[in-house]
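This briefing is meant to be read with the model open beside it. The notes are grouped by topic, beginning with enclosed space and moving on to sheets and helices.

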Amino acid sequence: LFAAKPPTTIGRKTDKTMTLEVDAADILRLIQHHLTECGLHKACRALREESGIGATATHSNLRRLAEHGQWGDVLDVLSSLDAKRNPLPPNLIADVHEMTILELGENNERSLSLTLLRLSADELLDRAPSIEKRLASLSSSSLDAASSSQRQQQQLLPPDYYGALETKQKRRDDIGRRLAECVPAAPRGRLVTLLQQAIKWQSFTGQLAVSSTTTNEDDDKEEGGDADDKKRRKKKRRLLCRPRHVDLVLGDAASSLLQQQRHSGSKTDNAPDGTSSQHAAEKIPRKETARLKFGKSTHPQTALFLPDGLGLLTGSSDGVLEIWDPFRWGHLRTHDLVYQREDELMVTGGPVRCAGVSRDGELIVTGDATGTVCVWRVASGRCLRQFEK
């Protein structure tokens, strides 16, 4: 149950309360849609099995799946739907199971089609005898799969195998159209959109915790007053317009921490043991320290610092790997890397696309445009392993 007091007029309060009731099952369905959209199908299936609540919409294009005969995917989507919230017509479910069994029989999966026929007797209503009869007629008139081509198998189908005056593709198209009409498609990014709207509304109503300090002027009159009242209202508006720092995870804890740091006059308060606080806000770098220059015919495509802080690794479009000296920016690290001092640099077989460094800073792995992955040793500059595409 969510209760809010939306103002009917900007700047004025109202006593009218709007109540919005949200079913808890809808929250779980919303999370299931988000998990499916992110590709977390196992997590969605586990949530559905534990809660016993199915979805009311789907992200899959059921019409396209049915038109291409992907009945396994269609049955998987239908099994995830909530039968009570979004019931499907029994004839439509029977048609899906019937087409699945008939196409399995056409593809020489006779034993599998008969097993599915026995398992889905309830969904097929009273069609099971007719389907079993058509499967038997197909078995008696078809040739061995190893000695007959697909075209011959198509000719050996009984005339009423998919229904009177019906073809397989017509049945697929009809079932796909009916599925698209009965099963709604879930909109993309629904959970993220609702969260954004909730954050905007809470920010508008002042429910979000902010780090800006405001004065307590609840007793002041908002309308009229002398010059002092106007000055106080102007000061209050100016304070409210300060930048707001919101932590959606920590909430009030992060906001109170920022307020304590602001009142203390320093964002990097030292602990009793002399170390800096973990929660101290890091300053944004605004001054350029150095600038590395490359040749006219090459340019850097990847760069990362070594974990030991003793260099910057760059990979160029000409396949050259270079480690720069952090104490003399603009110069290569040559005081301990002999191969760079002798201009024997690490070179890949193509432009460097990506690079990574081990935790101890001794090994480098690179990937170039030719699809080759190389492992280098920083101390010697040699290629230890090479994995071709």
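A cavity here is a set of grid points where a 1.4 Å probe fits but cannot get out, and its lining residues are those with an atom within 4 Å of a point. The model is predicted, and the structure holds two cavities of 30 Å³ or more. The points below take up the second largest cavity, two open sheets of four strands each, and the packing of α4, α5 and α6.

**The second largest cavity**

- About 30 Å³ of space lies in the second largest cavity, and the residues that line this cavity are His33, His34, Glu37, His59, Pro187, Gly189, Arg190 and Leu191.
- Two helices, α1 (24-37) and α10 (190-205), each contribute at least two residues to this lining, and α1 gives the most, with three residues.
- By residue class, the lining of the second largest cavity is made up of two nonpolar, four polar and two charged residues.

**The sheet β7-β8-β9-β10**

- Strands of a sheet pair through backbone hydrogen bonds, either parallel or antiparallel.
- In this open sheet, four strands follow the order β7-β8-β9-β10, and the pairing is antiparallel.
- The edges are taken by β7 (352-357) and β10 (383-387), and because each has a single partner strand, one side of each is left without a neighbour in the sheet.
- Neighbouring strands of this sheet are turned by 20 degrees against each other on average, when direction is ignored.
- Between β7 and β8 (residues 363-368), which run antiparallel, there are five bridges; alanine 355 stands opposite threonine 366 in β8, and cysteine 354 stands opposite glycine 367 in β8.
- The hairpin of β7 and β8 has five residues between the strands, and in this hairpin glycine 361 takes a positive phi near 75 degrees.
- β8 is also joined by five bridges, in the antiparallel sense, to β9 (residues 373-377), where valine 373 is the bridge partner of glycine 367.
- In the hairpin of β8 and β9, four residues lie between the strands, and glycine 371 takes a positive phi near 85 degrees.

**The sheet β3-β4-β5-β6**

- Another open sheet is formed by four strands in the order β3-β4-β5-β6, with antiparallel pairing.
- Its edge strands are β3 (300-305) and β6 (346-347), each of which pairs on one side only.
- Five bridges hold the antiparallel pair of β3 and β4 (residues 312-316), and threonine 302 stands opposite glycine 315 in β4.

**Helix packing around α5**

- α4 (residues 71-79) packs with α5 (residues 90-106) at an angle of about 150 degrees, and the axes of these two helices are 10 Å apart.
- Since angles over 145 degrees count as roughly antiparallel, the angle makes α4 roughly antiparallel to α5; the crossing of α4 and α5 is left-handed.
- α5 also packs with α6 (residues 110-119), at an angle of about 160 degrees and with the axes 7 Å apart.
- That angle makes α5 roughly antiparallel to α6, and α5 passes α6 in a left-handed crossing.

Methods:
Residues numbered from 1 in each chain as written. Predicted model: local features only at pLDDT ≥ 70, side-chain atom pairs only at ≥ 80, totals over all residues. Heavy atoms only, no water. 1 Å grid on protein atoms, 1.4 Å probe; cavity = no way out; pocket = protein on both sides within 12 Å on 5 of 7 lines; lining within 4 Å. Points joined across faces, edges and corners; volume = space filled by probe spheres on them. Nonpolar A, V, L, I, M, F, W, Y, C, P; charged D, E, K, R; others polar. Pairing = 2+ DSSP bridges. Axes fitted to C-alpha atoms, helices over the stretch in contact; angles between N-to-C directions. Parallel < 35°, antiparallel > 145°, perpendicular 65-115°, else oblique. Left-handed = near helix turned anticlockwise from the far one by under 90°.
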